[in-house]
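Good morning, everyone, and thank you for making the time. I would like to walk you through a structure that is new to most of us, going slowly from the overall layout down to single residues. Please have a look at it first.

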Amino acid sequence: MNYSEVTLNKGKETSPLRFHPWIFSGAIAKKDATLEEGTLVEAYSSTKQYVGTGYFANGSIAIRLISFKEVTIDEHFWFEKLNKAYTYRKQLLIFNEHTNVYRLFFGEGDGASGLILDYYNGHVVFQSHSWGIYLQKDNIISAIKKVLGDDLKSIYDKSAETLPKQFTDKVQNAYLFGSEEDVLVKENDHTFKIDFIRGQKTGFFVDQRESRQLLAKYCQDKMVLNTFSYTGGFSVYACAAGAKTVHSVDVSKTAIELCNKNIELNDFTNHTGYAEDTFDFLKDKKNIYDVIILDPPAFAKSRDSKHNAVIGYKRLNAMALKLIKPNGLLFTFSCSGVVDKNLFFNTITAAAIEARRNVKVIHYLSQPADHPVIPYFPEGEYLKGMVLWVE
Ligand code: SAH
């Protein structure tokens, strides 16, 4: 035994033995009463069978397992984990001569709940969503350096906004390696400026790379509206694909400024950005757009808000479906994990019925392979989308 022992209630080992990494507080029969947030623990069944190693948290998810084999959690452990994540992406050609921006590590999908690493042309943003991961920071940083070698230019810790509330004022976002410089990346040969210090999340929505590429296929000579545009990922692809006009809408002025900058960087002139609320913007836009993208932020962050989220998705999609030009295309997404695929698709159906438009589903979309979904952990699937042909 390497770490403090936690015994599970009878039968509660079944789920972790099937590689589900979460152990809920109700599953615990016995633990050291003084266990502190983030401490490494080993979980055992009621019959003393080893189940896994992870870290403890005060909350409904009490243990997040990061290994199903008895191990020491040290620099070598993290090197192996990160190297596996890196090799997987390399083999799948996620990064290549056209693309140097990708998610290097995706929480449970890569075997460590709470750890997110995004790679921006040599610059890595480290984002810890739990104190247990934060306590492993030094080991993780050493591992990143070893995995990326000379290719690494900087590591920026952006955990202050993602750690549980009681820890957010204990930490500050800061460079852990290297220093601030302009960061330009290439995604499918399109250039984007990344501002992970001031931008939302880790600076860029890396998860829409494949859907942006798909959009490009349908944009030539079209009037395109990209709502919730953020830094203009979809807009840049649409302009490049020969759209007649592209409009981007985001409620954040900063986002529109970043979006305009990305349009300029790629030398396009057929684009206008609007710092407006999408729902207001859509009100008087009937029969203008051939292609509309709806990629809102997560309307539901917890199960309690699921119902309201569904109402929000339905309202938004019905609005867009009512005003899109005949034979138009709607790209619609949801990144709320608690709204699953079926619920989202049913909600879009309801919106189409309300809009009285005849639609055909021409694509089902999901998150790309650098945001891996593992079957043992279905909760990791969060991004889903559809492309609808609207008669
Ligand atoms: N599609 C983007 C990512 C969208 S993130 C991409 O590919 O990069 C969601 C964006 O929605 C954020 O930039 C946020 O500022 C914006 N947003 C949130 N509420 C909004 C609203 N009501 N109207 C317009 N934009 C909104």
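Let me start with two parts of the chain, domain 2 and domain 3, whose C-alpha centres lie 28 Å apart. Where these two parts meet, domain 2 contributes 14 residues to the contact and domain 3 contributes 11 residues. Before I go further, I should say that this is a predicted model, and I will try to word things accordingly. For orientation along the chain, the division is into domain 1, covering 4-67, domain 2, covering 75-182, and domain 3, covering 205-390. Coming back to the meeting of domain 2 and domain 3, the area buried between them is about 980 Å², and carbon and sulfur atoms give 68% of that area.

Now to the sheets, beginning with an open one of five strands, in which the order is β7-β8-β9-β10-β11 and the pairing is mixed. Its edge strands, each of which pairs on one side only, are β7, residues 101-106, and β11, residues 174-177. If we ignore direction, neighbouring strands in this sheet are turned against each other by 25° on average. Looking at one pair in detail, β7 and β8, the latter being residues 115-120, run antiparallel and are joined by five bridges, and within β8 it is Leu117 that stands opposite Phe105.

Which helix lies across these strands? It is α4, residues 137-148, which lies across β7, β8, β9, β10 and β11 and runs at about 155° to β9. One residue of helix α4 that I would like you to find is Ile140. Ile140 has a relative accessibility of 0%, and because anything under 20% is called buried, Ile140 counts as buried. Leaving aside residues up to four places away in sequence, Ile140 touches Trp78, Leu82, Leu115, Phe126 and Ile133. To give a sense of distance, Ile140 and Pro297 are separated by 157 residues in sequence and, from C-alpha to C-alpha, by 29 Å in space.

The next sheet is also open, but here there are seven strands, ordered β16-β15-β14-β17-β18-β20-β19, again with mixed pairing. The edges are formed by β16, residues 271-274, and by β19, each pairing on one side only. Neighbouring strands of this sheet are turned by 15° against each other on average, once more with direction ignored. Between β17 and β18, the latter being residues 328-334, there are four bridges, and these two strands run parallel; as one example, Ile292 has Leu330 in β18 as its bridge partner.

Two helices deserve mention alongside this sheet. Helix α10, residues 306-323, lies across β17, β18, β19 and β20 and runs at about 170° to β18, whereas helix α11, residues 341-355, lies across β18, β19 and β20 and runs at about 25° to β20. Phe345 belongs to helix α11, and with a relative accessibility of 13% Phe345 counts as buried. Apart from residues up to four places away in sequence, Phe345 touches Tyr364, Gly385 and Met386.

Let me turn to another helix, α7, residues 233-240, where seven of the eight residues are buried, so that α7 is largely enclosed by the rest of the structure. The buried ones are Gly233, Phe234, Ser235, Val236, Tyr237, Ala238 and Cys239. Just after α7 you will find Gly242, which takes a positive phi of about 90°.

I will finish with two residues in loops. Is Asp370, which sits in the loop between β19 and β20, buried or exposed? With a relative accessibility of 0%, Asp370 counts as buried. The side chains of Asp370 and His371 are joined by a polar contact of 3.2 Å, and, residues up to four places away in sequence not being counted, Asp370 touches Arg89, Ile94, Tyr102, Arg103, Phe106, Val206 and Arg209.

The other loop residue is Lys285, placed between α9 and β17. Lys285 is also buried, having a relative accessible area of 16%, and a polar atom of the Lys285 side chain lies 2.9 Å from the backbone oxygen of Phe281. That brings me to the end, and I am happy to go back to any part of the model.

Notes. Residues are numbered from 1 along each chain as its sequence is written. This is a predicted model: local features need pLDDT of at least 70, side-chain atom pairs count only at pLDDT 80 or more; totals for chains, interfaces and linings use all residues. Side-chain values use heavy atoms; hydrogens and water are left out. Buried means under 20% relative accessible area, exposed over 50%, partly exposed in between (1.4 Å probe, protein chains only). A polar contact is a pair of N or O atoms within 3.5 Å; within protein, one must be able to donate a hydrogen and the other to accept it, and residues adjacent in sequence count only if both atoms are side-chain atoms. Two strands pair if DSSP finds at least two bridges between them. Axes are lines fitted to C-alpha atoms, for helices over the stretch in contact, and angles run from 0 to 180 degrees between N-to-C directions. Contact means heavy atoms within 4.5 Å. Domain bounds come from an automatic or database domain assignment. Buried area is the accessible area (1.4 Å probe) that two parts lose on being put together, summed over both.
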